[in-house]
Amino acid sequence: MATPIVYKKADIDADPARAEYKTILPAQRSRTPKAPNIHTAKQQTNTHNQPEQNRLGMFPQFHQRNTQLNLADLQHQMCKLILDGKLGLAPVPSPKHVLDVATGTGIWALEYAKNNPQANVIGTDLFTMQPATAAPNVSFVRQDVEKEEWNYPHPFDYIHLRYIVSCFDDAQSVFRKAHAALRPGGYIEIFDLVLHPRYSGDKRGPALDKWCSAVCAAATREGRDLRKAERYKQWLEEIGFVDVVDVEMMLPGNAWSEDDKIKEIGALLVQVQPGPLLTLGTYFGARGLSGVLDGLAPEMMRDMEDESIHLCWPM
């Protein structure tokens, strides 16, 4: 259960320094594993394909230019609040080349470029929803990073991914390409969720549990693991990343907490989370759930909003 997770590509010319991070919310658990053996990345050979427009993204509703775009702003605001105003945890000094995979509206890439004027920031996505005018040091590319080759002119210092739980058929292939595209000593950072509601207390959300269980089961039947963030650490170590920092955050699903900061995070998350859950239910509901979710959405939403239910989401 690993988000955010920072992985460092092995630098064969130096003794890689360890990086330690503390968790930021009460009752969280952090884990800094022992350093694995350092080894270099292998180049990958990939078959070129055109982007598949019917593939499921985390927020397909964002691809319609309407008020749903505000959800991207809320998500970004929430993530920054979780990270104490930071855009990421990776200790990248003066990055020159940065890649934001599944950039969505481009809000992270734009802010990172503004804060790091020395960096050239590229945001990639299957869909073009980014602003037409951007900062001079940021650009957006329409690309299927899973199916297409990565032909960038420079190796990257930092590759960032956020909310990619349903973006890829084969996330490991994307991570392998990221490893090949990083300079030695460069970082990849992944901020993702696990679609498994937890509870701080005895009261549960039965409709929410049923919704998530049904959607995850349907996704699994189609080769999609909506809880795969729990395996990112293992996958990236196998690919060759070192100095793994794995932070598990158990975030409030609504504003039930008495702590002001955690309450604010919960108030944002209860606005952000229903969109993806409803979208996933609609997508998989039409693909084999046989009416399991029919009429359940209002109850699921009430469970999420009920502050007497101390809902938590692992991230």
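**Exercise 1.** Is the crossing of helix 3 and helix 5 left-handed or right-handed? Describe the packing of this pair as well.

*Solution.* The model is a predicted one.
- Step 1: the crossing of helix 3 and helix 5 is right-handed.
- Step 2: helix 3 covers residues 171-181 and helix 5 covers residues 232-239; their axes lie 10 Å apart, at an angle of about 45 degrees.
- Step 3: helix 3 is therefore oblique to helix 5, since an angle between 35 and 65 degrees falls in that class.
- Step 4: on the helix 3 side, the contact is made by Ala 171, Gln 172, Phe 175, Arg 176 and His 179, and these meet Tyr 232, Trp 235, Leu 236 and Ile 239 of helix 5.
- Step 5: sorted by class, the residues of this contact are 6 nonpolar, 2 polar and 1 charged.

**Exercise 2.** Determine how helix 7 is arranged relative to helix 6 and to helix 8.

*Solution.*
- Step 1: helix 6 and helix 7 have axes 5 Å apart and pack at about 25 degrees.
- Step 2: this angle makes helix 6 roughly parallel to helix 7, because the class holds angles under 35 degrees.
- Step 3: Leu 269, Val 270, Gln 271 and Val 272 of helix 6 make the contact with Pro 274, Gly 275 and Pro 276 of helix 7. The classes here are 5 nonpolar, 2 polar and no charged residues.
- Step 4: turn to helix 7 (residues 274-285) and helix 8 (residues 297-305), whose axes come within 11 Å and cross at roughly 155 degrees.
- Step 5: helix 7 and helix 8 are therefore roughly antiparallel, as angles over 145 degrees are counted that way. Helix 7 passes helix 8 in a right-handed crossing.
- Step 6: Pro 274, Leu 277 and Leu 278 of helix 7 meet Ala 297, Met 300, Met 301 and Met 304 of helix 8. This contact has 7 nonpolar residues, with no polar and no charged ones.

**Exercise 3.** In what order do the 3 strands of the open sheet stand, and which helix packs on the sheet?

*Solution.*
- Step 1: the order is 8-11-10, with antiparallel pairing.
- Step 2: strand 8 (198-199) and strand 10 (250-252) are at the edges with a single partner strand each, so one side of each has no neighbour in the sheet.
- Step 3: strand 10 and strand 11 (residues 311-314) are joined by 3 bridges and run antiparallel. Leu 251 has Trp 313 in strand 11 as its bridge partner.
- Step 4: helix 6 (residues 260-272) packs on the sheet and touches strand 10 and strand 11. The direction of helix 6 makes about 80 degrees with that of strand 10.

**Exercise 4.** Classify the aromatic pair of Trp 108 and Tyr 158, and state which elements hold the two residues.

*Solution.*
- Step 1: the structure holds 7 aromatic pairs.
- Step 2: in the pair of Trp 108 and Tyr 158, the ring centres are 6.0 Å apart and the planes make 65 degrees.
- Step 3: the pair is edge-to-face, because planes over 60 degrees apart count as such.
- Step 4: Trp 108 is in helix 2 (residues 107-115) and Tyr 158 in strand 6 (residues 156-162), so the pair ties together parts 50 residues apart in sequence.

Definitions and conventions
Residues numbered from 1 in each chain as written. Predicted model: local features only at pLDDT ≥ 70, side-chain atom pairs only at ≥ 80, totals over all residues. Heavy atoms only, no water. Axes fitted to C-alpha atoms, helices over the stretch in contact; angles between N-to-C directions. Helix = DSSP H or I, 4+ residues; strand = E, 2+ residues; numbered from the N terminus. Parallel < 35°, antiparallel > 145°, perpendicular 65-115°, else oblique. Left-handed = near helix turned anticlockwise from the far one by under 90°. Contact = heavy atoms within 4.5 Å. Nonpolar A, V, L, I, M, F, W, Y, C, P; charged D, E, K, R; others polar. Pairing = 2+ DSSP bridges. Phe/Tyr/Trp six-rings, centres within 6.5 Å; stacked < 30°, edge-to-face > 60°.
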